Structure formats: structure tokens, C-alpha cells
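Visitor: I would like a close look at a single part of this model, with every cut-off stated as we go. Please take it slowly and keep the pieces connected.

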Amino acid sequence: VVMRKISILLQFIFVFGLFENYGQTLLFSEDFESGEIPLNWKQEFVKGSISWRYENGGYSLNPDIPNTRKPIAAHGGSYNALFQFQSSNNEATRLVTKRIDAIEFAVKPELRFYHAQFDWKHGADYYHDYLRVYYRTSVSGTWKLLNEYTSATTDWVERIIVLPDNDLSADYYLAFEGETK
């Protein structure tokens, strides 16, 4: 039996903003520059117990060797959120925002963030993680899928998701679920 042991990178959100489309009012932002989980954010372990980390750039087997991280550095600033684990067990963890204020008054709100998801080679095969973005309209509500990213990227990519304006609330949360693949 051959078990695949892979290195996986899911990296996202250096600049995270929730914009009101008309007039571009910034309702929420996070840049991860504290180097740790932001205040009032939390993690939900879906499968396994792999935590998100906060680093400058992506994963590297040899981080002391310059330019071996993929991507080499955060999209801007010094830190980004990183979900990475060597495994064949499809571990998944959600990084959940704090409650987002005033979104119920937004007109066509957009979520904008930067995301990188590199291929990793093991033997003759290539692998990469998945990223799913969810929202819910109360602290104990059901997560609803906004979008999923199942293809590898070759660098940082700006993602823009228009949030469903028929389902906004005063108790709104977003979650970014990294899953090892």
C-alpha cells in the first residue's frame, strides 16, 4: 500500500475587505499584521485539528533558504493566513470572522481577498488544497457556501464575491475553510 504524503498550501487574505459596491464604503477589513489570529475570530475544526497559521508567504520545506516559499511573501505587509499540513486525510478547518457590523444596511456588498493555492508534487503526482468560503446570518446559524476554489494558482489572485443581499443580517459571519487534498 502506498500512502500519499503531501505538502499542501492554502494561503489567503492578505487584504480582506467587505465593500459596499456603490460608494465603496469599507465595512470590515483584516490584514493579519498582528501575526496571530485576529481578535474575536475563531477556528472551527471540521475534520482533524489543524490550525491556521500567520506567516510571511507560503509554506517551504526549507524556510531559511531565500525564495523557497510559494508564494515568496505576503501579498502586502508582513503576514498572511496560511493553512498547510502534510497529510492524506482531508483535514479541514474554518477560519471564522468576528461578527460583521452594519452589513444588513449594505447595498450589493462584496467580499474581496487575495488567495494563493499552489500545486505540490509528490512522486509523479501533483496535489493542492481547496478553499471554501461560507457565510451565516447568526452565531449558531447554518453555514451557506458562497464559493469554492478547487484549482491551483501560480501566484496571488484577487477574489471578489458578491454577497447575497437578500440574506444579510445584523449578526453576519464569514468563514474560510481550508481542506487538505
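Visitor: Which residues of the largest nonpolar core touch the most other members?

Guide: A word on the source comes before the core. This is a predicted model, in which local features need pLDDT of at least 70 and side-chain atom pairs count only at pLDDT 80 or more, while totals for chains, interfaces and linings use all residues. Residues are numbered from 1 along each chain as its sequence is written, and side-chain values use heavy atoms, with hydrogens and water left out.

The largest nonpolar core has 25 residues, and those touching the most other members are L111, F113, V133, I161, L163, Y172 and L174. A nonpolar core here is a set of buried Ala, Val, Leu, Ile, Met, Phe, Trp, Tyr and Cys residues joined through side-chain atoms within 4.5 Å; buried means under 20% relative accessible area, exposed over 50%, and partly exposed in between, with a 1.4 Å probe and protein chains only. At least two residues of this core come from each of strand 6 (80-83), strand 8 (109-116), strand 11 (130-136), strand 12 and strand 14, and strand 11 gives the most, with three residues. Strands are DSSP runs of E with at least two residues, numbered from the N terminus. Apart from this core lies another, of six residues, including Y114, F118, W120 and W156.

V133 shows how far the contacts of one core residue reach. With neighbours within four places in sequence left aside, V133 is in contact with L111, F113, K144, L145, L146, N147, Y149, I161, A175 and F176, where contact means heavy atoms within 4.5 Å.

One of those partners, A175, leads to the sheet, since A175 is the bridge partner, in strand 14, of V96. Strand 7 (residues 92-96) and strand 14 run antiparallel and are joined by five bridges; two strands are said to pair if DSSP finds at least two bridges between them. Both belong to an open sheet of five strands, ordered 4-7-14-11-12 with antiparallel pairing. Its edges are strand 4 (42-47) and strand 12 (144-149), each of which pairs on one side only. From one strand to the next the twist averages 20°, with axes taken as lines fitted to C-alpha atoms and angles running from 0 to 180 degrees between N-to-C directions.

Strand 14 (residues 173-179) also holds E177, which counts as buried because its relative accessible area is 4%. The side chain of E177 makes a polar contact with the side chain of R94 at 2.8 Å. A polar contact is a pair of N or O atoms within 3.5 Å; within protein, one must be able to donate a hydrogen and the other to accept it, and residues adjacent in sequence count only if both atoms are side-chain atoms.

The loop between strand 13 (157-162) and strand 14 contains N166, which counts as exposed because its relative accessible area is 69%. N166 and K108 are 58 residues apart in sequence, and their C-alpha atoms are 9.5 Å apart in space.

Backbone geometry completes the view of strand 7. In the loop between strand 6 and strand 7 lies N90, which has a positive phi of about 55° although it is not a glycine. Most residues other than glycine have a negative phi. N90 counts as partly exposed because its relative accessibility is 26%.

Methods
Helices (H or I, at least four residues) and strands (E, at least two) are DSSP runs, numbered from the N terminus.
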